[in-house]
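Biologist: Before we go through the labels, show me the model. I want to hear the reason behind each one.

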Amino acid sequence: MLKLATKKNSATGRRQKTVNRAPKGPRRVILFNKPYDVLPQFTDEAGRKTLKDYISVTGVYAAGRLDRDSEGLLVLTNDGKLQAELTQPQHKTGKVYLVQVEGIPDTEALNKLRNGITLNDGPTLPAGAELIAEPDWLWPRDPPIRERKTIPTSWIKITLYEGRNRQVRRMTAHVGFPTLRLIRYSLHNWNLDGLAPGEWKEVKYV
């Protein structure tokens, strides 16, 4: 069954149809720990690694993106309504990222991330941002990050309530601390606990 809604395009004044697709059969929700260098999709004409190399379930799609050079939690589902709830900005679903950056951010830089900064596509929403120790459970990245011996690195936990293209990387660069490694730890009420890189599990969601 398809539920059609209309949304007004502010540029044209016309109303556009959007579709919320109910799942065919039972709702399925897959949690996947996406390794580095894997595309968040099932096909790729260039022959790069995709979700198909790891996940045997069909008919599910990623709720939001996690770029090829990022790691961590990717949620997949066959429920279009759930996808929308997890990704559309008006729902303000929390997403927690563990971010290794070049340098050690000071209080001023962290406050800028918390209060919102203006990127080329507009101001960001207020976010959570705090310095943390490197997680002791963290797996080594393959390949390792490129570090400059003369510059220390540090870790920040960043919580976003929106999702723009490469947003975390652009935010840390904007305040002067480029991202070296990016791992999404949690989305909504789900997290990476118990999932090694490349592993997935199916969870119930009511």
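**Labels and their reasons**

Modeller: Start with a helix end. Asp79 caps the N-terminal end of H1, with a side-chain oxygen 2.9 Å from the backbone nitrogen of Lys81. Bear in mind that this is a predicted model.

Biologist: What makes the approach of Asp79 to Lys81 a polar contact?

Modeller: The distance is 2.9 Å, between an oxygen and a nitrogen. The cut-off for such a pair is 3.5 Å, so the contact counts.

Biologist: Which residues of helix H1 are buried?

Modeller: In H1, residues 80-87, the buried ones are Gly80, Leu82, Ala84 and Leu86. The protein chain has 3 helices and 13 strands. Buried residues make up 42% of its 206 residues.

Biologist: Why is Asp67 called buried?

Modeller: Its relative accessible area is 13%. Buried means under 20%, so Asp67 qualifies. Asp67 lies in the loop between strand E4 (61-62) and strand E5 (71-77).

Biologist: Which residues is Asp67 in contact with, leaving aside neighbours within four places in sequence?

Modeller: Lys34, Val38, Asn165 and Arg166. Lys34 also belongs to the covered strand E3.

Biologist: What makes E3 mostly covered?

Modeller: Strand E3 spans residues 29-34, and 6 of its 6 residues are buried. Val29, Leu31 and Asn33 are on one side. Ile30, Phe32 and Lys34 are on the other. Both faces are covered.

Biologist: How do you know that E3 pairs with E5 and with E13?

Modeller: Count the bridges. E3 and E5 share 6 and run antiparallel. E3 and E13 (residues 200-203) share 4, also antiparallel. Pairing needs at least two bridges, so both cases pass. Ile30 shows both links: it stands opposite Leu76 in E5, and its bridge partner in E13 is Glu202.

Biologist: Why is Asn120 called exposed?

Modeller: Its relative accessible area is 74%. Exposed means over 50%, so the label holds. Asn120 sits in the loop between strand E7 (118-119) and strand E8 (122-123).

Biologist: What does the side chain of Asn120 make a polar contact with?

Modeller: The side chain of Arg170, at 2.9 Å. In sequence, Asn120 and Arg170 are 50 residues apart. Their C-alpha atoms are 9.5 Å apart in space.

Biologist: Why is the pair of Trp137 and Tyr185 called tilted?

Modeller: By the ring rule the count is 4 aromatic pairs. In this one, the centres are 5.9 Å apart and the planes 40° apart. The centre limit is 6.5 Å, so the rings pair. Stacked needs under 30 degrees and edge-to-face over 60, so 40° is tilted.

Biologist: Why does that pair tie together parts 48 residues apart in sequence?

Modeller: Because Trp137 lies in the loop between strand E9 (128-132) and strand E10 (153-160), while Tyr185 is in strand E11 (residues 179-187). Ring pairs also link Trp137, Trp139 and Tyr185 into a cluster.

Biologist: Is Trp137 buried, exposed or partly exposed, and what makes it so?

Modeller: Partly exposed, at 42% relative accessibility. That value is neither under 20% nor over 50%, so the middle class applies.

Biologist: What lies over the face of Tyr36?

Modeller: Arg141, at 4.0 Å from the ring centre. The distance limit is 6 Å, so that part of the test is met.

Terms used:
Residues numbered from 1 in each chain as written. Predicted model: local features only at pLDDT ≥ 70, side-chain atom pairs only at ≥ 80, totals over all residues. Heavy atoms only, no water. Buried < 20%, exposed > 50% of the residue type's maximum accessible area, 1.4 Å probe, protein only. Phe/Tyr/Trp six-rings, centres within 6.5 Å; stacked < 30°, edge-to-face > 60°. Lys NZ or Arg CZ within 6 Å of the ring centre and 35° of its normal. Contact = heavy atoms within 4.5 Å. Polar contact = N/O pair within 3.5 Å; in protein donor to acceptor, adjacent residues only side chain to side chain.
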